[in-house]
Amino acid sequence: MSKQVVFSGIQPTGDIHIGNYLGALRNWVRLQDEYDTIYCVVDLHALTVAQDPAEFETARLEAAKMVIAAGVDPTTSLFYYQSQVPQHTELSWILGTLTQLGSLNRMTQFKDKSDQGAANLGLYSYPVLMAADILIHHAHKVPVGDDQVQHLELTRDLAERFNRRFGDEFPVPEGIIPEHGARIMSLQDPTSKMSKSDPNQGSRILLLDDPDVVRKKVGRAVTDSGTGIEYNWESKPGISNLLEILSLFSETPVEKLVDAHADKQYGEFKQLVAEAVVDGLAPIRSAYASLEDEDVSRLMHKGALDARSSAEKFQVSVRQKVGLTGH
Ligand code: AQP
């Protein structure tokens, strides 16, 4: 029996942080054994926020290198830049014609970003392009962090709506949301998600941060009043976030960590967290250092060629179903 298909993407919108890694990338790597995996640097999504063209070229390549350094093997997974596979945007247009404005108006990510003054049509229709990214490959599973759950719901609705109206085409995809790590919080405000666009650099640990920078950022992480190491998001969000990070990097259940460190001082506990992060990031840093730009570009172009031909097979069927056979 053929394997199920996994699809996910990452935006080249800045340096990749441990939230992106623990919530998504790390699972991308693990899923490569069990599924046909397709991963994408979603550069068209990133254009929904103004980008400097020269810096953007660099950011796209950096994102590709980071994904490979984190363990995605482009000879096992299909890995490419979204903009190089035009079937994504063609399908996005067709799905857009099935999308109710009401459902886009409810998207919290759009509301948050437009509150920051960044509203544009691309940002508004972002979830439709994301649905096309997933459905163009007939993906069954989508590993993402918690912040993408609402977008994934729209993808499922659009798959069902298309299938009802035009006949069965798309599997209705399911999210793979990790039980732990789906929402790593800011080190400076443990009630907001760790985010690439947070102006405070101390809020996030980057995958390429030097060990000393990691130690500093963890050392300065906001902790909670009182003492003691407890896992309680209400009363101790800062410590709970650090516990979650330690648990994921050390592959040790949170409960076990709480038992072992309950009476530790915050300072001592933070040192443990910092060393676990430093150790966890070391192989990624060294893999990144060994990657050559030209090799990665070549792999990405090969990935785009393969993705175009596999997406086209499905898109032919979509065109036939909607009455766009091109005679
Ligand atoms: N804090 C997080 N915890 C867990 N998972 C996270 N993801 C993002 N932040 C966290 C997951 O990372 C994947 C790639 O994200 P993206 O590149 O699409 O960008 P994003 O979700 O917009 O990430 P950021 O860092 O929060 O960027 P900005 O600041 O631009 O909004 C996704 O699967 C996401 O769920």
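Glu251, which follows helix α10, has a positive phi near 55° in this predicted model. The helix that precedes Glu251, α10, comprises residues 237–250, and because a rise of 1.5 Å a residue leads one to expect a span of 20 Å for its 14 residues, the 20 Å between its end C-alpha atoms agrees with that expectation. Of those 14 residues, 13 are buried, so α10 is largely enclosed by the rest of the structure.

From here one may turn to the nonpolar interior. The largest nonpolar core holds 55 residues, among which Ile18, Leu25, Leu207, Phe249 and Leu281 touch the most other members. Helix α12, residues 266–289, supplies the largest share of this core, with 10 residues. Leu25, one of the residues just named, touches Ile10, Ile16, Asn20, Val67, Ala70 and Leu207 when residues up to four places away in sequence are not counted. Separate from this core is a second one of 38 residues, which includes Cys40, Leu98, Leu158 and Ala311.

The ligand is the remaining topic. There are 21 residues around the ligand, and of these Asp147, Lys193, Ser195, Lys196 and Ser197 come nearest, while helix α1, residues 18–31, gives the most to the surrounding shell, with 4 residues. Several polar pairs can be followed in the model: a polar side-chain atom of Asp147 lies 2.4 Å from an oxygen atom of the ligand, a polar side-chain atom of Ser197 likewise lies 2.4 Å from a ligand oxygen atom, and a polar backbone atom of Gln11 is 2.9 Å from an oxygen atom of the ligand. Taken alone, the ligand exposes 640 Å², of which the protein buries 96%.

Definitions and conventions:
Residues are numbered from 1 along each chain as its sequence is written. This is a predicted model: local features need pLDDT of at least 70, side-chain atom pairs count only at pLDDT 80 or more; totals for chains, interfaces and linings use all residues. Side-chain values use heavy atoms; hydrogens and water are left out. A nonpolar core is a set of buried Ala, Val, Leu, Ile, Met, Phe, Trp, Tyr and Cys residues joined through side-chain atoms within 4.5 Å. Buried means under 20% relative accessible area, exposed over 50%, partly exposed in between (1.4 Å probe, protein chains only). Helices (H or I, at least four residues) and strands (E, at least two) are DSSP runs, numbered from the N terminus. Contact means heavy atoms within 4.5 Å. The expected span of a helix is 1.5 Å times one less than its number of residues. A residue is near a molecule or strand if one of its heavy atoms lies within 4 Å of it. A polar contact is a pair of N or O atoms within 3.5 Å; within protein, one must be able to donate a hydrogen and the other to accept it, and residues adjacent in sequence count only if both atoms are side-chain atoms. Accessible areas come from the Shrake-Rupley method with a 1.4 Å probe; for residues, only the protein chains shown count as cover.
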